[in-house]
Amino acid sequence: MTPSRASRLDDQVPFLARLEHQERVALLELGRPMKYSPRSVLVHQDEPSTHVMVILAGWTKVIHSAANGYEALLALRGPGDIVGEASAVSGRSRSATVAALGKVEAVTIERGRFLDHLADFPATALQLLSLIGDRTQASDRRRVEQGALGVRERLSLLILELSRTHGVQDAEGVRLTTGLSQHELAGAVGASREAVARLLKELRERDIVRTSRRGLVIVRPDLLRRIGSGE
């Protein structure tokens, strides 16, 4: 068993990391390599499911667009992650759009071949089921947070989480590398862009974060944690 299987598996553990070496090789051999430029769309919301994608390099954002035009940022998916798996298994249309944040390399696997592979490799199918369950639980937690916490707390917790998954230490503090806009941050915490802009201004004035063209830098993560806990 790989170390990832011995530890707690949650939605932050990529799909490939859950598989044994021979399972990863067999899966990737099914598809063809693809390259995507920044901001290009890998899959479109509401389109029929024809394939799944395994990301090898780069990061993507998963967004759902409501009828009124509001866009919710559901997740970020990066190296080792699989996208399009839920609709491939269910046969339903895509529930979200997946777009590249930067340059992305991926392997595209045709839906029929992917489903046949799951039947032939039950260990891979079990890990996919575990991943889908973990992502569902993470989504449930976020819905609870949106009901129990205010926008200030949710934004602070989101920035802290991004610092752990997409943060690089520099002279000023921890710089986020996601390049997410205020609009996208708002979509991630269920708020308006104006509300997020006001809160970021407040955090800047308190020198908790700093913003520039190079991105957002967390200067005082200790204060962010206190805000996230409601203090």
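Me: How far apart do the end C-alpha atoms of residues 149-222 lie?

Reply: This is a predicted model, in which local features need pLDDT of at least 70 and side-chain atom pairs count only at pLDDT 80 or more, while totals for chains, interfaces and linings use all residues. Residues are numbered from 1 along each chain as its sequence is written, and side-chain values use heavy atoms, with hydrogens and water left out. The span is 53% helix and 19% strand (DSSP runs, numbered from the N terminus: helices are H or I of at least four residues, strands E of at least two). Its end C-alpha atoms are separated by 19 Å.

Me: Which feature does UniProt place at residues 149-222?

Reply: UniProt positions are given in the numbering used here, with shortened feature names, and annotations may be inferred rather than shown by experiment. The entry is unreviewed, and it labels residues 149-222 as "domain: HTH crp-type".

Me: For which residues does UniProt list "domain: Cyclic nucleotide-binding"?

Reply: This feature also comes from an unreviewed entry. The chain there is 18% helix and 41% strand, with end C-alpha atoms 14 Å apart. The listed span is residues 15-114.

Me: Why do the buried residues of α9 line one face of the helix?

Reply: Helix α9 covers residues 221-228, and its buried residues (under 20% relative accessible area; over 50% is exposed, partly exposed is in between, with a 1.4 Å probe and protein chains only) are Leu223, Leu224, Ile227 and Gly228. The arc is taken from the directions from the helix axis to the C-beta atoms. Seen down the axis, these residues line one face because they fall within an arc of 140°.

Me: Is histidine 166 buried or exposed?

Reply: Histidine 166 is found in helix α6. Its contacts (heavy atoms within 4.5 Å), not counting residues up to four places away in sequence, are Trp59, Leu76, Arg175, Leu176, Thr177 and Thr178. With a relative accessibility of 7%, histidine 166 counts as buried.

Me: What is the relative accessible area of glutamate 161?

Reply: Glutamate 161 has its place in helix α6. This residue is partly exposed, and its relative accessible area is 29%.

Me: In what order do the strands of the open sheet of four run?

Reply: Two strands pair if DSSP finds at least two bridges between them. The pairing in this sheet is antiparallel. β1 (32-36) and β6 (82-83) each have a single partner strand, so they stand at the edges, with one side of each left without a neighbour in the sheet. The order is β1-β8-β3-β6.

Me: Which residue in β6 stands opposite valine 54?

Reply: Strand β3 (residues 51-57) runs antiparallel to β6, joined by two bridges. Opposite valine 54 in β6 is isoleucine 82.

Me: Which residues is histidine 117 in contact with, leaving aside its neighbours within four places in sequence?

Reply: Histidine 117 is found in helix α4. This residue is buried, with a relative accessible area of 4%. Its contacts are Ala26, Leu27, Leu30 and Thr124.

Me: Which residue of β5 is the bridge partner of valine 62?

Reply: Strand β4 (residues 60-65) is joined to β5 by six bridges, and the two run antiparallel. In β5 (residues 71-77), five of the seven residues are buried, so the strand is largely enclosed by the rest of the structure. The bridge partner of valine 62 is alanine 75.
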